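Me: I'm new to this one, so could you walk me through it with a few questions and answers?

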Amino acid sequence: MLRFVLIIAVVLSSATALLAQPLKIASLNTVMADLASEVGGERVEVADIVHAGVDPHLYEPAPGDWKRIETADMLLAGGLGFEAYLDRMRPSLENAGVRVVVGGDVIRPISGVCENHSKEGHHHHGVIDPHWWHSISNTRAVVFQIRDALIAEDPEGKAFYEVNAEAFDRRLVALDKWVRLQVVLIPKASRVLVTSHDALGYLASEYGFEVLPVQGLTKSSQPSSQQIAQLIREIKEKRVKAIFAESLENPKVLEQITAETGACSAGSLYADGVGVGVASTYEGMMKHNIGTIVEALK
Amino acid sequence: MRGFPLLQILSVGAGLLLLGVPVWMLTSHRPVVSDAGAIRLASPPGIAVFSVQLTTTSPALLSVMAANHPTCESVEPVQQFEARFEMPSTQPEDLAIIARFGPEAGPEALRAEVRTDGRLLAEKTFWGEGEIQDVVEIPMP
């Protein structure tokens, strides 16, 4: 009986959605955009302000982007410093009635490698890592945050958003189990990720990897030759089999490291958001990244 | 022959000797070779044998996977299955366990117990329908 009532409620709210204008959502983060599309379905219209292929570390909103953001009902952002300009724009957006939803507000942050390495080339930790989506449990928390924000903005769609969020959450639980089953195939001693920049800390923490990044969290500085020499020593000591590039990176430094260490170049990972093709959704991006890592290190 | 007991004893002794020589030749060196092999297989330095016992509520195709090892799987649906893995004792690999139940099966359970030297290191029970897949982490012995 309860299921019947729920189905009727969802059908009615879907019909209402077809008649009503969809909620306008602007997103500064491609992962947040995908999560909002999953939860909001046809009741929302999501505009990627920063879309796949744009480096979010280097992005600054253009005047045209400002206009699209200001006319939206809701703005989605990753937070934790990922959008350095967000704090600057937030007060005026909130005054204009734009609801700002920041994913980083509901997750437990971890620290990453800072930009300024010591003279000895050691990494320093203490800067918050904003790439929270590489932990599926963080993403699950953000899915429910988006659900609650959508309900607050559009109470008539409550049942619709709840059903969608629950269904998507079940898929994320299954995805997490799939990842764990894949990672088992990599010997523990080989679970070392050498990447362009320090974006996979949450994945490492959740699934038992060590990350050796060439750059820190934000790519704002290039590594010195001393830092690269130190990294090469570590790669040799740990007998790292493969090195991963990132889809938005200049691969020259990694090519040099690959040549000097004898490790193989294992393909590109999507670190700063969703990618293209099969990786254009959150689930697709995770499957691409984990598949690439397991294939190279197992 | 009947009148010479000494000759009888000598004849019986010679017979026993003839029968015993081949038996002695077949068996005399084997224990030494076998022991050496056994010692080498049983205790390579830093390696321990981890025994994984899977038990299900109804027959299923069972398999266990670990990094650097071939997959161990039952050839037919069973309710109990044991696999053994030689792994570094200081850093044993995690195990992926899978049970595939027949189409007629309902909600089922899969229990995994991991032992080394008879000591129970990890035990976990999983529930599911159709197929149960999960990971068992082995703590250091």
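Reply: Sure, and keep in mind that this is a predicted model. Let's start where the chains meet: the area buried between chain B and chain A is about 990 Å². Carbon and sulfur atoms give 60% of that area.

Me: How many residues does chain B bring to the contact with chain A?

Reply: Both chains take part, with chain A giving 10 residues. Chain B's share of the contact is 13 residues.

Me: How many salt bridges are there between chain B and chain A, and how many residue pairs in polar contact?

Reply: One of the salt bridges joins A:Lys177 to B:Asp134, with the closest N and O atoms 3.3 Å apart. The count between the two chains is two salt bridges. For polar contacts across the interface, with both residues at pLDDT 80 or more, the number of residue pairs is five.

Me: Which strand gives the most to the side of chain B that touches chain A?

Reply: Two strands of chain B, S4 (95-101) and S7 (131-136), each supply at least two residues of that side. By class, the side has seven nonpolar, three polar and three charged residues. The top contributor, with three residues, is S7(B).

Me: Is B:Asp94, which pairs with A:Lys188, buried or exposed?

Reply: These two side chains meet in a salt bridge at 3.1 Å, N to O. The pair crosses between chains, with A:Lys188 in the loop between helix H6 (158-183) and strand S7 (192-197) of chain A, and B:Asp94 in the loop between strand S3 (78-88) and S4 of chain B. A:Lys188 is partly exposed because its relative accessibility is 22%. B:Asp94 has 8% relative accessibility, under the 20% cut-off, so it counts as buried.

Me: Now for chain B by itself. How many helices and strands are in chain B?

Reply: Reading from the N terminus, the elements run α-α-β-β-β-β-β-β-β. That gives two helices and seven strands.

Me: What percentage of the residues of chain B count as buried?

Reply: Chain B exposes about 9,200 Å², with carbon and sulfur atoms supplying 63% of it. Of its 141 residues, the buried part is 32%.

Me: Which residue shares a polar contact of 2.9 Å with the side chain of B:Ser58?

Reply: B:Ser58 is in strand S1 (residues 47-66) of chain B, and it counts as buried because its relative accessibility is 16%. Leaving out residues up to four places away in sequence, B:Ser58 touches B:Val78, B:Gln79, B:Phe101, B:Ala105 and B:Glu108. The side-chain partner at 2.9 Å is B:Glu108.

Me: How many residues apart are B:Glu131 and B:Arg100?

Reply: These two form a salt bridge, with the closest N and O atoms 3.0 Å apart. B:Glu131 is partly exposed at 36% relative accessible area, and B:Arg100 is partly exposed at 37%. The pair links strand S7 to strand S4 of chain B, distant parts of the chain, and the separation is 31 residues.

Me: Which residues are joined into one network by salt bridges that share partners?

Reply: One bridge here runs between B:Glu113 and B:Arg115, the closest N and O atoms being 2.9 Å apart. B:Glu113 is buried, with a relative accessible area of 18%, while B:Arg115 is partly exposed at 30%. The network consists of B:Arg111, B:Glu113, B:Arg115 and B:Glu123.

Key
Residues are numbered from 1 along each chain as its sequence is written. Chains are lettered from A and ligands numbered from 1 in the order in which they are written. This is a predicted model: local features need pLDDT of at least 70, side-chain atom pairs count only at pLDDT 80 or more; totals for chains, interfaces and linings use all residues. Side-chain values use heavy atoms; hydrogens and water are left out. Contact means heavy atoms within 4.5 Å. Buried area is the accessible area (1.4 Å probe) that two parts lose on being put together, summed over both. A salt bridge is a side-chain nitrogen of Lys or Arg within 4 Å of a carboxyl oxygen of Asp or Glu. A polar contact is a pair of N or O atoms within 3.5 Å; within protein, one must be able to donate a hydrogen and the other to accept it, and residues adjacent in sequence count only if both atoms are side-chain atoms. Helices (H or I, at least four residues) and strands (E, at least two) are DSSP runs, numbered from the N terminus. Ala, Val, Leu, Ile, Met, Phe, Trp, Tyr, Cys and Pro count as nonpolar, Asp, Glu, Lys and Arg as charged, and the others, Gly among them, as polar. Buried means under 20% relative accessible area, exposed over 50%, partly exposed in between (1.4 Å probe, protein chains only). Accessible areas come from the Shrake-Rupley method with a 1.4 Å probe; for residues, only the protein chains shown count as cover.
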